[in-house]
Amino acid sequence: MKKSIITGFAAVALLAGQIAGANAADVSGYANIWTILSSDTASTSELKTSVGAEVDFEKTMGKSNVRLDVDFGKSTSVEITDSDGDTADFKIESVSIEQAKLTQQLHSSISLTAGRFNSPIGFEKQDAPDKWQFSNGQLFDGRPSNLDGFMVSWWGSGATLDVMFANDWRGQADAQTDFDNSVGVRGSVQAGPVNIALGYLSSDRDENSPSAGDDPDSGDLVNAVITGSHGSLTGVFEYLKDDDVDAWGLTGHYKHGVHGVLLRYDSVDPEDAAFDESTSLTVGLSCKMWESVTTKLEWRQDDEGGDDDKTDQLTIQWVGSF
């Protein structure tokens, strides 16, 4: 007995109709389609096409803004056997909330954000239309993409300041006494063609550990991003450090009309001497094929510390925005 169930799509379609129609909210999003052309580590996935999507709802009334971003991931198959020995294959489509936030403007240059929101710390974005390339670099995994909590933002005279209070971004300890929280700050200043941003985010635990680390500051994160632009050329240097890793990355991007060329190199050096430094090199080409469709071709090589540990992957991606 075979069955196929896709969850989430009907609910979101109904929600989209209700929000967009009854309340005249703005609806946007994108379809993300990619094919692995060749891979040293996933040969069984070569020439396999995968899909993802996002639908965003946004409504502004006066000085209040409410936004909901819903992500759709890859489908997974689950086999269930009943008491009679019959099996059924259930196809489950993953659905998650990327953002669910409200933003209230308190002053001409001050706002309060509450809920789940994109973390302002770091350079690379998580949504496909916001990226120059297909994959995110290694530094992206060393900081949170989203935070659950509150953020107060200030801007003016070429500078910005964000102060955050959120749930601990590394998760909750197994032995819970008080609920664990992260406190963070991110500030930036624009000086001509150069933007300098510094970020800090606290945590009580080591990376990927549900218990407190030996050092009370073991999970604290420091991040710096320097971005410079000259004409169609943009260069970015990012530095990230906590008690687990010392990492840095360089990204260069050149845009000519509807075409773009990217070169990225990053390095992650574990503080534990038992682990080797890992690096990645990425070359990306992009082209805005049609009014709402961009195609990206990416070659990436990852090196875990030796010649035998180098792996290559070539991927083509199509991003359709609406």
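Strands here are DSSP runs of E, at least two residues long, numbered from the N terminus. With that in hand, let's work through three exercises on this predicted model.

**Exercise 1. Find the strand that holds Leu147, and decide whether Leu147 is buried or exposed.**

Solution. Start with the place: Leu147 lies in strand S6, which covers residues 146–156. Next, take the cut-off: buried means under 20% relative accessible area. Leu147 has 1% relative accessibility, so it counts as buried. Now look at what surrounds Leu147. Setting aside neighbours within four places in sequence, its contacts include Phe117, Met164, Trp169 and Leu201. Finally, check Ser182: it is 35 residues from Leu147 in sequence, with a C-alpha to C-alpha separation of 9.2 Å.

**Exercise 2. Work out how strands S12, S13 and S14 are joined.**

Solution. Begin with S12 (residues 245–256) and S13 (residues 259–270): they pair in the antiparallel sense over 12 bridges. Within this pair, Trp248 is opposite Ser267 of S13. Then inspect the turn: the S12–S13 hairpin has two residues between the strands, and Gly257 there takes a positive phi near 65°. Move on to S14 (residues 278–290), which pairs with S13, again antiparallel, over 10 bridges. Here Val261 faces Leu285 of S14.

**Exercise 3. Which residues make the nonpolar surface patch of about 620 Å², and how is Leu297 classed?**

Solution. First, list the members: Leu37, Leu47, Leu233, Tyr254, Val261, Leu285 and Leu297. Val261 and Leu285 are the opposite residues you met in Exercise 2. Then place Leu297 in strand S15, residues 293–303. Leu297 counts as partly exposed because its relative accessibility is 35%.

Definitions and conventions: Residues numbered from 1 in each chain as written. Predicted model: local features only at pLDDT ≥ 70, side-chain atom pairs only at ≥ 80, totals over all residues. Heavy atoms only, no water. Helix = DSSP H or I, 4+ residues; strand = E, 2+ residues; numbered from the N terminus. Buried < 20%, exposed > 50% of the residue type's maximum accessible area, 1.4 Å probe, protein only. Contact = heavy atoms within 4.5 Å. Patch = residues over 30% accessible without salt bridge, like charges linked within 9 Å, V, L, I, M, F, W, Y side chains within 5 Å. Areas by Shrake-Rupley, 256 points an atom, 1.4 Å probe, with all protein chains shown as cover. Salt bridge = Lys/Arg side-chain N within 4 Å of Asp/Glu carboxyl O. Pairing = 2+ DSSP bridges.
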